[in-house]
Amino acid sequence: MASLNVGNLGSLGEYLREQRRTAQLSLRQLADAAGVSNPYLSQIERGLRKPSAEVLQQVAKALRISAETLYVRAGILDEKAVEDLETRAVILADPSISERQKQVLLQIYDSFRKENAAESAARTAAEPEASGQ
């Protein structure tokens, strides 16, 4: 049977093993805490299985780490998307500003991101033209 260890799966497994050891948990203890089987978790750590987002969330909870970190390692989430989510979460969690102010801040944030993306796309499109002259 061909190996399924591709892309980020190996680094995900290595990262999980490292986090499990740091938490001083055996494979069996983490599997029990996450509600998954011991062999399944072992296969994830060895990069032989690709876990679902739900399983990653359960493992993250058991390890007391960010599920988003595991999603990025597994290739489910883009790191920039996580940064965007974290920024939004901080704005929404701030008790010192009103709900209306939070919404305005998020609108401004979105407009800056769109403006910067458009400028970046324009620069990228202009580069081949500039080098052709």
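1. **Arg17 and Glu45.** The side chains of Arg17 and Glu45 form a salt bridge, with N to O at 3.4 Å. A salt bridge here is a side-chain nitrogen of Lys or Arg within 4 Å of a carboxyl oxygen of Asp or Glu. Arg17 sits in helix H1 (residues 9-22) and Glu45 in helix H3 (residues 38-45), so the contact ties together parts 28 residues apart in sequence. Glu45 is buried, at 4% relative accessibility. Arg17 is partly exposed, at 21%. Buried means under 20% relative accessible area, exposed over 50%, and partly exposed in between (1.4 Å probe, protein chains only).

2. **Basis of the model.** This is a predicted model, in which local features need pLDDT of at least 70 and side-chain atom pairs count only at pLDDT 80 or more, while totals for chains, interfaces and linings use all residues. Residues are numbered from 1 along each chain as its sequence is written, and side-chain values use heavy atoms, with hydrogens and water left out.

3. **Overall layout.** The protein has seven helices and zero strands. Along the sequence the pattern reads α-α-α-α-α-α-α. Helices (H or I, at least four residues) and strands (E, at least two) are DSSP runs, numbered from the N terminus. Of the 133 residues, 27% count as buried. The exposed surface is about 9,000 Å², with carbon and sulfur atoms supplying 51% of it. Accessible areas come from the Shrake-Rupley method with a 1.4 Å probe; for residues, only the protein chains shown count as cover.

4. **Contact range.** Among contacts with a separation of 6 or more, 46% join residues 24 or more positions apart. Contact means heavy atoms within 4.5 Å.

5. **Arg20.** Helix H1 also holds Arg20. Arg20 is buried, with a relative accessible area of 9%. Leaving out residues up to four places away in sequence, Arg20 touches Leu25, Ser26, Leu27, Leu30, Glu45 and Leu63. Glu45 is thus shared: Arg20 touches Glu45, and Arg17 forms a salt bridge with Glu45.

6. **Asp84 and Arg113.** Asp84 lies in helix H6 (residues 79-93). Its contacts, not counting residues up to four places away in sequence, are Tyr109 and Arg113. With Arg113, Asp84 forms a salt bridge whose closest N and O atoms are 3.7 Å apart. This pair links distant parts of the chain: Arg113 belongs to helix H7 (residues 99-132), 29 residues from Asp84. Asp84 is buried at 14% relative accessibility. Arg113 is partly exposed at 39%.

7. **Salt-bridge network.** The structure holds six salt bridges. Asp84, Arg88, Asp110 and Arg113 are linked in a network of them.

8. **Lys102 and Glu99.** The side chains of Lys102 and Glu99 meet in a salt bridge, N to O at 3.2 Å. Both residues are in helix H7, three residues apart, so about one helical turn separates them. Lys102 is buried, at 5% relative accessibility. Glu99 is exposed, at 51%. That 51% can be checked against the cut-off: exposed means over 50%.

9. **Helix H2.** In H2 (residues 27-34), the buried residues are Leu27, Leu30, Ala31 and Ala34. They lie on the same side of H2 because they cover an arc of only 100 degrees around the axis. The arc is that of the directions from the helix axis to the C-beta atoms. Exposed residues Arg28, Asp32 and Ala33 are carried on the face turned away from the buried side. Gly35 follows H2, with a positive phi near 75 degrees. Two of the buried residues, Leu27 and Leu30, are among those that Arg20 touches.

10. **Gln29.** Gln29 is also in H2. At 43% relative accessibility, Gln29 is partly exposed. The side chain of Gln29 reaches the backbone nitrogen of Ser26 at 2.7 Å. Gln29 and Ala62 are 33 residues apart in sequence, and their C-alpha atoms are 9.4 Å apart in space.

11. **Helix H5.** Ala67, Leu70, Tyr71 and Ala74 are buried in H5 (residues 67-74). Their arc around the axis is only 105 degrees, which puts them on the same side of H5. Gly75 comes after H5, and its phi is positive, near 80 degrees.

Definitions and conventions: Polar contact = N/O pair within 3.5 Å; in protein donor to acceptor, adjacent residues only side chain to side chain.
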